[in-house]
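Reader: I should like to examine how the labels applied to this model are justified. Please take me through the reasoning step by step.

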Amino acid sequence: MTADLPLFADVFPELAADIVRLLEPDGGVLSEQIPTLRYYGVCTCSTTCRNLLTSPQGSPTPYICPLEEDDEVVIWLNLDPRGTAIVDIEVLDGRDLGEAARRR
């Protein structure tokens, strides 16, 4: 049950705040999702994948919303087939996300 999963913003408060900031001022529906996203863990599709899942593993992600800072893409939001729901998040800027982002 998803209610048993922690909120993404509770597990990664700084990352969640950065995503909202980078989405503004036109973040709309994507920005509004951040406080309610659940954290499903790190993707296990391969040994090198580090995507942070906000939907069950294997959810389709045909769209990517790149978030830039100083003209460099730092985060990819992978979106559902309608392009309206964040399915997983890939952090590209090398920040340490702590234990919750490490594969067990």
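Author: In this predicted model, ring pairs join Phe8, Phe12 and Tyr39 into a cluster. The count of aromatic pairs comes to three.

Reader: Why is the pair of Phe8 and Phe12 called tilted?

Author: The ring centres of Phe8 and Phe12 are 5.1 Å apart, and centres within 6.5 Å qualify as a pair. Their planes stand at 45°; planes under 30 degrees apart would be stacked and those over 60 edge-to-face. The angle falls in neither range, so the pair is tilted.

Reader: What makes the pair of Phe12 and Tyr39 edge-to-face?

Author: The angle between the planes of Phe12 and Tyr39 is 90°, and the label applies over 60 degrees. The centres of these two rings lie 5.1 Å apart, so the distance condition of 6.5 Å is also met.

Reader: Why is the pair of Phe12 and Tyr39 said to tie together parts of the chain?

Author: Phe12 lies in the loop between α1 (8-11) and α2 (13-23), while Tyr39 lies in the loop between α3 (28-33) and β1 (41-42). The pair therefore ties together parts that are 27 residues apart in sequence.

Reader: How do you know that Phe8 and Phe12 are buried?

Author: Buried means under 20% relative accessible area. Phe8 has 0% and Phe12 has 4%, so both meet the criterion. Tyr39 is buried as well.

Reader: Which residues have the most contacts inside the largest nonpolar core?

Author: They are Phe8, Leu15, Ile19, Leu52, Ile75 and Leu77, in a core of 24 residues. At least two core residues come from each of α2, β3 (63-69), β4 (72-79) and β5 (86-91). The largest share, five residues, is supplied by α2. Leaving aside neighbours within four places in sequence, Ile75 has contacts that include Leu15, Ile19, Cys65 and Ile89.

Reader: How do you know how many disulfides the structure holds?

Author: The number is zero. A disulfide requires two cysteine sulfur atoms within 2.5 Å. The sulfur of Cys49 has its closest cysteine sulfur in Cys43, at 3.7 Å, which is too far for a bond. For Cys65 the closest cysteine sulfur is that of Cys49, 18 Å away, again too far.

Reader: Why are Cys49 and Cys65 counted as buried?

Author: Cys49 has 12% relative accessibility and Cys65 has 18%. Both values are under 20%, so each residue counts as buried.

Technical notes
Residues are numbered from 1 along each chain as its sequence is written. This is a predicted model: local features need pLDDT of at least 70, side-chain atom pairs count only at pLDDT 80 or more; totals for chains, interfaces and linings use all residues. Side-chain values use heavy atoms; hydrogens and water are left out. Buried means under 20% relative accessible area, exposed over 50%, partly exposed in between (1.4 Å probe, protein chains only). Rings of Phe, Tyr and Trp (its six-membered ring) pair if their centres lie within 6.5 Å; planes under 30 degrees apart count as stacked, over 60 as edge-to-face and the rest as tilted. Helices (H or I, at least four residues) and strands (E, at least two) are DSSP runs, numbered from the N terminus. A nonpolar core is a set of buried Ala, Val, Leu, Ile, Met, Phe, Trp, Tyr and Cys residues joined through side-chain atoms within 4.5 Å. Contact means heavy atoms within 4.5 Å.
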